[in-house]
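Here is a walk through the fold, loop by strand by helix. Keep the structure open alongside as you read.

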Amino acid sequence: MTLSKVEREARRRDRAAETEQERKAAATAAAAERRKRTRLYVDGAARGNPGPAGAGAVILSPDGHVVAKLGKFLGDSTNNVAEYMGLILGLRRAKAMGIKELDVFSDSSSW
């Protein structure tokens, strides 16, 4: 038995709605998975560029607790070097802590 045009269109709409719901569920699951990862926040700055500079990093556990705070005075340096050193500080500490996977956040536009 063949379906009428109205019935075929209704089934097509139903399938499209199911596909959209599955896509949204997958996106929500992926977002939840990203939130469970360890996070590294890095920053660096120089006064005068070049000038006195410092770098810092903070590592947060998947639960959002601070597990490491790092800071280092760099002497005379540029903003870009300071930002990069903040990243290096954080990555070295994460490696020393045995962290294999983490999300990195920075306000630098030079990456």
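Ser-61 sits in the loop between β2 and β3, in what is a predicted model. Is Ser-61 buried or exposed? Ser-61 counts as buried, because its relative accessibility is 13% and the cut-off for buried is under 20%. Setting aside residues up to four places away in sequence, Ser-61 touches Thr-38, Arg-39 and Val-67.

The loop belongs to the hairpin of β2 and β3, with 5 residues between the strands. Look for Gly-64 in that hairpin: it takes a positive phi near 95 degrees. The two strands themselves, β2 (residues 51-60) and β3 (residues 66-77), run antiparallel and are joined by 10 bridges. If you want to check the register, Ala-53 has Gly-75 of β3 as its bridge partner, and Ala-57 stands opposite Leu-70, also in β3.

Now zoom out to the sheet. It's an open one with 4 strands, ordered β3-β2-β1-β4, and the pairing is mixed. Which strands stand at the edges? Those are β3 and β4; each has a single partner strand, so one side of each has no neighbour in the sheet. From one strand to the next, the twist averages 15 degrees.

Back to one of the residues that Ser-61 touches, Arg-39. Arg-39 is part of strand β1. Its C-alpha is 6.7 Å from that of Ser-61, with their positions 22 residues apart in sequence. What else is Arg-39 in contact with, leaving aside neighbours within four places in sequence? The list runs through Val-58, Ile-59, Leu-60, Ser-61, Pro-62 and Gly-64, and it also takes in Asp-103 and Phe-105.

Asp-103 belongs to strand β4. Its side chain makes a polar contact of 3.1 Å with the side chain of Arg-37. Asp-103 counts as buried, because its relative accessibility is 16%, again under the 20% cut-off.

Phe-105, the other β4 contact of Arg-39, has an aromatic story of its own. How many aromatic pairs does a search of the whole structure find? The search turns up 1. The partners are Tyr-41 and Phe-105, and their rings are stacked, at 4.9 Å centre to centre with 20 degrees between the planes. This pair links distant parts of the chain, given that Tyr-41 is in strand β1 (residues 38-46) and Phe-105 in strand β4 (residues 102-106), 64 residues apart. Tyr-41 is partly exposed at 34% relative accessibility, and Phe-105 is partly exposed too, at 36%.

What lies across the strands? That would be helix α2 (residues 79-96), which lies across β1, β2, β3 and β4 and runs at about 150 degrees to β1. Leu-87 is found in this helix, and it counts as buried because its relative accessibility is 14%. Leu-87 and Gly-56 are 31 residues apart in sequence, yet their C-alpha atoms are 8.0 Å apart in space.

Here are the accessibility values side by side:

| Residue | Relative accessibility | Class |
|---|---|---|
| Ser-61 | 13% | buried |
| Leu-87 | 14% | buried |
| Asp-103 | 16% | buried |
| Tyr-41 | 34% | partly exposed |
| Phe-105 | 36% | partly exposed |

Technical notes: Residues numbered from 1 in each chain as written. Predicted model: local features only at pLDDT ≥ 70, side-chain atom pairs only at ≥ 80, totals over all residues. Heavy atoms only, no water. Phe/Tyr/Trp six-rings, centres within 6.5 Å; stacked < 30°, edge-to-face > 60°. Buried < 20%, exposed > 50% of the residue type's maximum accessible area, 1.4 Å probe, protein only. Contact = heavy atoms within 4.5 Å. Polar contact = N/O pair within 3.5 Å; in protein donor to acceptor, adjacent residues only side chain to side chain. Pairing = 2+ DSSP bridges. Axes fitted to C-alpha atoms, helices over the stretch in contact; angles between N-to-C directions.
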